[in-house]
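Trainee: Hi, I have a structure open and could use some company while I look through it. Could you walk me through it?

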Amino acid sequence: MNRSLVEIPPNAKHLGKSPSAGTPRETVRLTAARRRFRMAMRGSLGALVCLAIGSCASPPRQSSAGMETFDATAEGRLPAGWVSTVTGEGNPIWEVVADALAPSPPRVLRQSGTVPKPSFPLCLNRGTMLRDGFVEVKFRTIRGQLDQAAGLVWRARDAANYYICRANALEDNVVLYKVENGKRQALDILGRIGGYGVDALVPANVWNTLRVEFQGPRFAVSLNGQRLFEVEDSTFAEAGNVGLWTKADSVVAFDDFRYGPR
Ligand SMILES: [Ca+2]
């Protein structure tokens, strides 16, 4: 701690005196003054620590419901508040583009970059903060030889820590993972030990709807209106961002991204 940041009160020199140096009444006053000074210093030091590490903030707010159609954003850009990033390495290409097949015309958000495994293109809506609620999106996988994966992200702290559920059109399955410190781990489905997500028809090049509802440690996944499975996990219990995710060489269009508290 930089001592120059701690202001010493004008009467601080008195605090160094031995209580035996004064009368009993003076001793009581000195003791009380010393206690007040220590408490004030603790508060000041605590505030400085909070500023330094960015913690100790008031509880994060809970976002109200919202929907992003990507139609008000210029082509080649991202909507306000959205950030393109990556888990691992590589150069994702997230951008709003025109799409003649868009559920809400004329534009969608598309990811067309390729990143090496096991990295993941990620696009976070930094303007959101949700602990409990839902996130939903329409997606269309366009191409990808290694993968055609489209994912929803919630409770994201940063590009290396979040929950993600993805549907894969090459594998025809839906899997829910946690990514912790950049490492992805599939989570067990409630009522079943082992296995890897659930098999589900994920048709390529058509619009599908993926939805996750999250309440405390319980997450429920639906694809095209059909409830598929639930998962329980408490790794990330705090509010975080929602967003979108792909994998490897997946080229995917997303539209009508919805979110909100329950
Ligand atoms: Ca749209």
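Mentor: Happy to; we'll go from the overall picture to a strand, the core and then a few odd spots. Keep in mind that this is a predicted model.

Trainee: Great. How many helices and strands are in the protein?
Mentor: You'll find two helices and 16 strands.

Trainee: And what share of the residues is buried?
Mentor: Of the 262 residues in the protein, 32% are buried. As for contacts with a separation of 6 or more, 67% of them link residues 24 or more positions apart.

Trainee: Let's pick a strand. Why is β5 largely enclosed by the rest of the structure?
Mentor: Strand β5 covers residues 120-130, and eight of its 11 residues are buried, so the rest of the structure largely encloses it.

Trainee: Which strands does β5 pair with?
Mentor: One is β2, residues 82-87, which pairs with β5 in the antiparallel sense over six bridges. Strand β15, residues 240-245, also runs antiparallel to β5, and five bridges join the two.

Trainee: Can I get some residues to click on? Which residue stands opposite Leu122?
Mentor: Try Thr85, which faces Leu122 of β5. For the pairing with β15, click on Cys123, whose bridge partner there is Leu244.

Trainee: Now the core. Which residues touch the most other members?
Mentor: The largest nonpolar core has 54 residues, and Leu152, Val153, Trp154, Ile164, Val212 and Phe254 touch the most other members. Strand β7, residues 149-158, gives this core its largest share, six residues.

Trainee: Is there a general idea behind that?
Mentor: Yes: nonpolar side chains in soluble globular proteins tend to be buried together.

Trainee: What is Val153 in contact with, leaving aside neighbours within four places in sequence?
Mentor: Its contacts include Leu122 and Leu124, as well as Tyr162, Tyr163 and Ile164. Val242, Gly243, Leu244 and Trp245 are also in contact with Val153.

Trainee: Changing topic: where is Gly260 found?
Mentor: Gly260 sits in strand β16, residues 251-260. Its C-alpha atom is 6.1 Å from that of Gly66, although the two are 194 residues apart along the chain.

Trainee: Is Gly260 buried, exposed or partly exposed?
Mentor: Gly260 is partly exposed, because 17 other C-beta atoms lie within 10 Å, and a buried residue needs 20 or more.

Trainee: What about the odd spots? Which residues does a cis peptide bond join?
Mentor: Pro105 and Pro106 are joined by one, with omega about 10°. Pro106 is in the loop between β3 and β4. The bond from Lys117 to Pro118 is cis as well, with omega near 5°, and Pro118 lies in the loop between β4 and β5.

Trainee: Why point those out?
Mentor: Because most peptide bonds are trans, and most residues other than glycine have a negative phi.

Trainee: Then which residue has a positive phi although it is not a glycine?
Mentor: Asn181 does, with a phi of about 50°. Asn181 lies in the loop between β9 and β10. It counts as exposed, because it has 6 C-beta neighbours inside 10 Å. Look at Asp256 too: its phi is positive, near 50°, and this residue is found in strand β16.

Trainee: How many C-beta neighbours does Asp256 have inside 10 Å?
Mentor: Asp256 has 19, so it counts as partly exposed.

Conventions: Residues are numbered from 1 along each chain as its sequence is written. This is a predicted model: local features need pLDDT of at least 70, side-chain atom pairs count only at pLDDT 80 or more; totals for chains, interfaces and linings use all residues. A residue is buried if 20 or more other C-beta atoms lie within 10 Å of its own, exposed if 12 or fewer, and partly exposed in between; C-beta atoms are placed from the backbone. Helices (H or I, at least four residues) and strands (E, at least two) are DSSP runs, numbered from the N terminus. Two strands pair if DSSP finds at least two bridges between them. A nonpolar core is a set of buried Ala, Val, Leu, Ile, Met, Phe, Trp, Tyr and Cys residues joined through C-beta atoms within 7 Å. Two residues are in contact if their C-beta atoms, placed from the backbone, lie within 7 Å.
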